[in-house]
Amino acid sequence: KKVKTSYFTFLDAGDVLIVENIIKIVEKSVCCNKNIDLIFMDFIDISEEFYIKNKHNVKKISILNSKYRLDFCGKGENYFCKSVIAKKQIDSACGIIYNTNFVKKKHFNYLKGYVHEDFGVTPYIILSAENVFSQSIPGYLYLREKVSITANGSNYKHFLNANHAVINAKRLMKNVWELRENKNINKKSFKIFNSYIANALIPKIQKLNGDYKKKYIELLNEMNIEDMYLKNLKGLAKKIIYKYKYRYK
């Protein structure tokens, strides 16, 4: 609501933007010759210690291998599907430059008071975008901290984080279902989206133990989560494994 510029981006506390690379990415986006809704920059994932030692030599940091983005220019739906299939990063609010008019027109908003709130919105934003531009050029330094909200904590905290992910997933699924109902995305893309949800939520079981693990599995079973895998050999194998390990035990 407070943004006055044509575009904006998010920066998490402790992280760093490589401004000179972002300028290059934005300049390259002009080749699309379209009104761009979203511009994606790549991430570099490093430790705080490494950054502190090298922060005066950003050029050295920025040539590290980045692996989270595709080189792409086109419709958001196609970018989402290609990224999911290629196992690229797709749900963080950071690392994206947003067209302010696009965001305000669509009335996107995050669920307050929950972690994984970007997981509940970013895929919807991408699928709603007409034109996106992405480069595997690093513009965002994600500094891994020793203490992380989602990576550390007790069994209860891991359950709470996983439960928040389910709440955000259900909200996301409702919004994307409306896109499908209005024929804004096709059937194939919707199937890929469903598989993305299954692959995001099911691995969280591994961080849980005891009753919290059982409660979380119950939440997933209520969603019939295993039916969201793609109907191919790999998806069928995952479905069988899930049923054997978590539904019929």
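## Strand β6 and its partners

Strand β4 (residues 72-74) runs antiparallel to β6, the two being joined over three bridges. Within this pairing, Cys73 faces Phe133 of β6. The model is a predicted one.

Two other strands also pair with β6. Strand β3 (residues 38-47) does so in the parallel sense over nine bridges, and Leu38 has Val132 as its bridge partner in β6. Strand β2 (residues 16-17) is antiparallel to β6, with two bridges; here Leu17 stands opposite Tyr140. Strand β6 itself spans residues 132-144, and ten of its 13 residues are buried, so the strand is largely enclosed by the rest of the structure.

## Salt bridges

The structure has four salt bridges. Side chains of opposite charge can pair when their charged atoms come close. Three of the pairs are described here, beginning with Lys75 and Glu77, whose N to O distance is 3.5 Å. Lys75 is partly exposed, at 29% relative accessible area, whereas Glu77 is buried, at 4%.

Lys174 and Glu178 form a salt bridge at 3.2 Å, N to O. Both residues belong to helix α7 (residues 155-181); because they are four residues apart in this helix, about one helical turn separates them. Lys174 is exposed, with 53% relative accessibility, and Glu178 is partly exposed, with 36%.

In the pair formed by Glu226 and Arg247, the closest N and O atoms lie 2.7 Å apart. Glu226 is in the loop between α9 (210-222) and α10 (233-247), while Arg247 is in helix α10, so this salt bridge ties together parts that are 21 residues apart in sequence. Glu226 has a relative accessible area of 3%, and is therefore buried, the cut-off being under 20%. Arg247 is partly exposed, at 24% relative accessibility.

## Confidence of the prediction

The mean pLDDT of the protein is 91, and 94% of its residues reach 70 or more. Confidence is lowest in helix α3 (residues 58-62), where the mean is 67. Helix α6 (residues 122-128) has the highest confidence, at 98.

Notes. Residues numbered from 1 in each chain as written. Predicted model: local features only at pLDDT ≥ 70, side-chain atom pairs only at ≥ 80, totals over all residues. Heavy atoms only, no water. Salt bridge = Lys/Arg side-chain N within 4 Å of Asp/Glu carboxyl O. Buried < 20%, exposed > 50% of the residue type's maximum accessible area, 1.4 Å probe, protein only. pLDDT = per-residue confidence, 0-100. Pairing = 2+ DSSP bridges.
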